[in-house]
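Trainee: Could you take me closely through the helix packing and the nonpolar core, and set them beside what can be said of the second chain?

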Amino acid sequence: MTAALGATAGTLIAHSPGPAAVPAPGGPGIGATAGSLAAADAPSLVQSIDWLAIAPPTLTALAALVVLVADLFLPAPRKRLLGYGALTALAAALALLIPLRAGDRSTFCLTTGVQACSYTVDHFTVVIQALVLGGAFLTVLLSLDDTRRLPAGEYWFLLLASASGAALLPAARDLATLVVALEVASLPAFALVGIKRGDRRSSEAALKFFLSSVVATAVMLLGVSFVYASTGTLHLTEIAARLDDVTPVLDTLAKTGVTLTLVGFAFKTAAAPFHFWVPDTYVGAPLPIAAYLSVVGKAVGFSGLILVTVVAFPSYADVWGPALAVLAALTMTVGNVAAVRQRADRARSAVRLLAWSSVAQAGYLLVPIAAAAYSSDEQIGSTVAYALMYAVVNLGAFAVAALVSRTHPGNRLTDYRGLYATRPLAALALGFFLLCLAGLPPGIIGLFAKVTVFSAAVDAGLGWLAVVMAVNVVIALYYYLQWTASLFRTPEGAPETAAPDTGEEPRARPRRFRAPTPLTTAIVLTAAAGILLSGAPQAVLRFASVSLF
Amino acid sequence: MTVIDISPSVMQFLLAFIVVGPLLGAVAALLPAPPGLKGRNPDQAVLRHGVTVTGAVLIAAIVLAVGFDHDHPATMQATTDISWIPALDVRIHLGIDGISLPLLVLTALLTFLCALYSYFKPPAGPSPKAFVALVLLLESGTLATFAVLDLLLFFLAFEMVLIPMYFLINRWGGDQRQAAAWKFILYTLLGSVVMLLGLLLVGLKSGTFDMVALATDNGRGLTTSVQVIAVLAIGLGLAVKTPMWPLHSWLPDAHTAAPTVGSVLLAGVLLKMGTYGFVRILLPAAPDGMRTFAPYLAAFAVVGIVYGSLACLALARTGAKGDLKRLIAYSSVGHMGFVLLGIATMTPTGVNGALFANIAHGLITGLLFFLVGAVKDRYGTADLDTLAGATGAALYGRAPRLGALLAFAAVASLGLPGLAGFWGEMLTLFGAYSPAEGLSRPAFRTFMAIGAFGTLLTAAYMLIVVRRVCMGEHALPARTTPATTPTPSAASAPDAPQAPAAPGTPQPPAATPAPAASPTSGPLQAPTTPGTLQAPPTPGAPQAPPAPQLADVQPYEAAAWTPLVALTVLAGLWPAVLLGLTDPAVQKLLSGGKS
């Protein structure tokens, strides 16, 4: 419940740093508030609100509340409508991005002193919001007929609430809004991971996720408070300006603050030393939620990291640049090596593999951010372009995995053997998605997305990182291709070994299981997007060459 | 000297069609056949579709070659240049000159012949639908590699062939196919990812990904250190593909496991992509870097020549259980060594020789793999000892035309003057005699001497192969007793060579005792069922039949092989056809587009 209000709270909190930033550091906050009441001659301190600019996250948050309330009044057979409501709300939020595409709005700006806004709709915001809302949209499609065993009202409410936080985050331009948005995005996610009642694995996954995430938040908040203490502002652009000349006494404090904030975000992005929660969480969570976390959850972490590094701490580029480069190398290596070592016949090995692969992909996503420290902010565009490609393709892969898990609840990699024989189109789609992730033609978009990341690294003079990434791409190819190849194998032998494990399965096998429409729609949408992008990669790669801020 | 004047826009369209046509054909192959084109059965229809598409592409390639302005082979012709991904500065820039035209035609020809061959002799394995789609995808990728003039597009095309080849080996291959397919794709991919880094380095540092612009710059936009790194990275990727000596170990496995058609395309076309990259990208765009590495490249090349020959000699020994396909794969390592040596000289003579050897190798080794595939189909094994030991009078006696063709291809491969193999080797050795300025003369003369010694070794093993396979072992080992034949394990065909016509091995229709079915009517009715189903008749068969006549060259085989034979002779007798095309283009590339 608190999470839902968080979105509103986020906008409310956006007011408070405004006045607080006006007096000099150390100036009493109470005095500022009192002053705002007393001084009538000063320009109004009430910040104006551009409702259109904040419409996408707001609409999502409102829809979350509506769904929660409607759940109370809907009879059980009609709970399905809630899902369609969520779908509509997300589609509407996506549509609301269209008038914002110029990327020139900002709101909750300071009315006095320097020009700084808490909520900005620039190109970066629009693109990430589109990614996040689109990802949530596809997640809803994936879960539409998966929710029968789950509490529908809570599920949709939590999902929408999390999506609203995720949509708020890329627009946030002060640390308080950033942290609040991050928490609004993650708190419902814990509940979503653990929503399978009575499932021990689900609860364990939720607990693991919760603990690691809360530690990250605590560390990050500590860092944020240090930064605030040393600079006296929460607005990112202001921090950037003031970090340059911090009083020498506070220098250590500022440095510690920057480091702790970055460590917090590294947790959120599941970068290498902080990645251990990912596989268990993905495996324990309902499959659509795993898909959601792998795409939207990552996007949240990354956009936060980008905002903090590039917008707020550019003067510490010599610190976070090398650190992120090392993290990137470590993350991709750890993810790929672990993915290669997956045993194919282990239960849920498919999701586990996708989880490790998402860790590895996070490593690639970090590369351009690290490169931005060495050359220019435009490198960030490579991360955005890569994230867009990854979102489409990874959600597609999860959609096919969801389809397969209908007939094979074990969801082992061996269950995919011979998928082409039973479901040729799903197999072709999955093969395409995997090759996109691997970066091999015919997954042209995957290839070129990798090329932009490579070129960002080469451009920034990070030759060693490019080489590490090259080696990783080859390692990753091993498991992606093995999976792809198994899709087209003859399914002989597999039925005999799989049947005894799952008691009720053999009965269902002879008659062909009809794929549910929402799932098919999700696969078709992602596959169409992937193929279109492969034909015209410019659609996402154009972000790679321009400044998004 | 344009044979026929074809308007530039038509040429443009033809080249675009050559690249895109197979791609569309591959997609169409996966769709159900439209009414009216259903054929006798779906398999036949899709195989026919493959023949149609590759045939159309071949015709387009020939028309393109005819319309090519042979007076100006150094200029890019039939060019298309449109922006595709402005963000990465990737342009769809297509064009052909004297260097790429022969390779383009060779690719179209070999793929067509492969499609034709598969039409009459469908590959043993899963449905031919995917097979045709993969072959067409492969064709599209290779043709695109030779036609594109943008570094990143080149990389894309280079990678595009990997997946189809992987599946061709993995699904339609022989023993050990999965391991071989893995090895193939992992080696090539490791190489090509490193190559991508090099290409990006060149592109970012020089500010353009356009090969024509890079060639015109001739490395002026790049510092020597950048060139050295770029050549190292790009060269590594290309060297894996070529393959250069220490990086070759994927090739024998891949060839041994690949189906006949896969081997032909792998040897005839895919290997050329590596050497083409050396000539098209590295020589003109990074000459300083090339000069640094040329001696090492040449050294590796001659080691490859000698190593390949020695490996072949070892395989050809009696009792070595050498696989004939493996042997030819090793001979490819040697032949590509000559190509690399020619490139490493950095002289027009050497590079022309390299390009000539490239084409010659494509023709001859393509033919050899076809023939070995045919032999393997007839005997059920490509094991050299079995082929030599069992057959008494061997191929000459049992399938004289096949034997003669094999001997012809072997002799062409060893570089007999008058056949295609000769000129390439001779020119590269010439080139090595006086390498480009700045390269050590004594070193290259040493390389030349070693290379020349390699030709002797090549002759040695090729003649041994011809003697053993075509003429048979002179001292026949004692005939195995008939008792071994009727044992239930009829599947172990190599042990029962005296019954080569046993139904356990897939036979062309005419090999059956009653050759009623004419080859044109019944390729698809040919017994392709596994040997186990037909095994029961074996014990009942006449005890130890006196080595029956093997099916000699079938009409469809003749159709697939004749063009290769004819072109081998033509290129051998009239090398100017090719050299006239390549020489001006090579001169221009080496001099930085000034000539």
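Mentor: A residue is called buried when its relative accessible area is under 20%. By that cut-off, buried residues make up 60% of the 595 residues in chain B of this predicted model. Chain B has 23 helices and two strands, and of its contacts with a separation of 6 or more, 81% are accounted for by residues 24 or more positions apart. A residue on the other side of the cut-off is B:Ala28, which is placed in helix α1 (residues 8–30) of chain B and counts as partly exposed because its relative accessibility is 34%. From B:Ala28 to B:Val577 there are 549 residues in sequence, and their C-alpha atoms lie 36 Å apart in space.

Turning to the core, the largest nonpolar one has 410 residues, and those with the most contacts inside it are A:Trp156, A:Phe313, A:Phe448, A:Phe454, A:Trp483, B:Phe184 and B:Trp561. The element that gives the most to this core is helix α16 (residues 380–407) of chain A, with 19 residues. Leaving aside residues up to four places away in sequence, A:Phe454 touches A:Ala466, A:Met469, A:Ala470 and A:Val473, and in chain B it touches B:Val193, B:Leu196, B:Leu197 and B:Leu200.

Helix α16(A) also packs with helix α15 (residues 349–374) of chain A, at an angle of about 170° and with their axes 8 Å apart; the two helices are therefore roughly antiparallel to each other. In this contact the residues from α15(A) include A:Val351, A:Leu354, A:Tyr364, A:Leu365 and A:Ile369, while those from α16(A) include A:Ile380, A:Tyr386, A:Ala387, A:Tyr390 and A:Phe398. By class, the contact of α15(A) with α16(A) has 13 nonpolar, five polar and no charged residues, with A:Ser358 and A:Gln361 on the α15(A) side and A:Ser382, A:Thr383 and A:Asn394 on the α16(A) side as the polar ones.

A second pair in chain A is formed by helix α18 (residues 424–438) and helix α23 (residues 517–535), which pack at an angle of about 50° with their axes 10 Å apart, an angle that makes α18(A) oblique to α23(A). The crossing in which α18(A) passes α23(A) is left-handed. From α18(A), the residues A:Ala429, A:Phe432 and A:Phe433 meet A:Ile523, A:Thr526, A:Ala527, A:Gly530, A:Ile531 and A:Ser534 of α23(A), and by class this contact has six nonpolar, three polar and no charged residues.

Methods. Residues numbered from 1 in each chain as written. Chains lettered and ligands numbered in written order. Predicted model: local features only at pLDDT ≥ 70, side-chain atom pairs only at ≥ 80, totals over all residues. Heavy atoms only, no water. Axes fitted to C-alpha atoms, helices over the stretch in contact; angles between N-to-C directions. Helix = DSSP H or I, 4+ residues; strand = E, 2+ residues; numbered from the N terminus. Parallel < 35°, antiparallel > 145°, perpendicular 65-115°, else oblique. Left-handed = near helix turned anticlockwise from the far one by under 90°. Contact = heavy atoms within 4.5 Å. Buried < 20%, exposed > 50% of the residue type's maximum accessible area, 1.4 Å probe, protein only. Core = buried A, V, L, I, M, F, W, Y, C linked by side-chain atoms within 4.5 Å.
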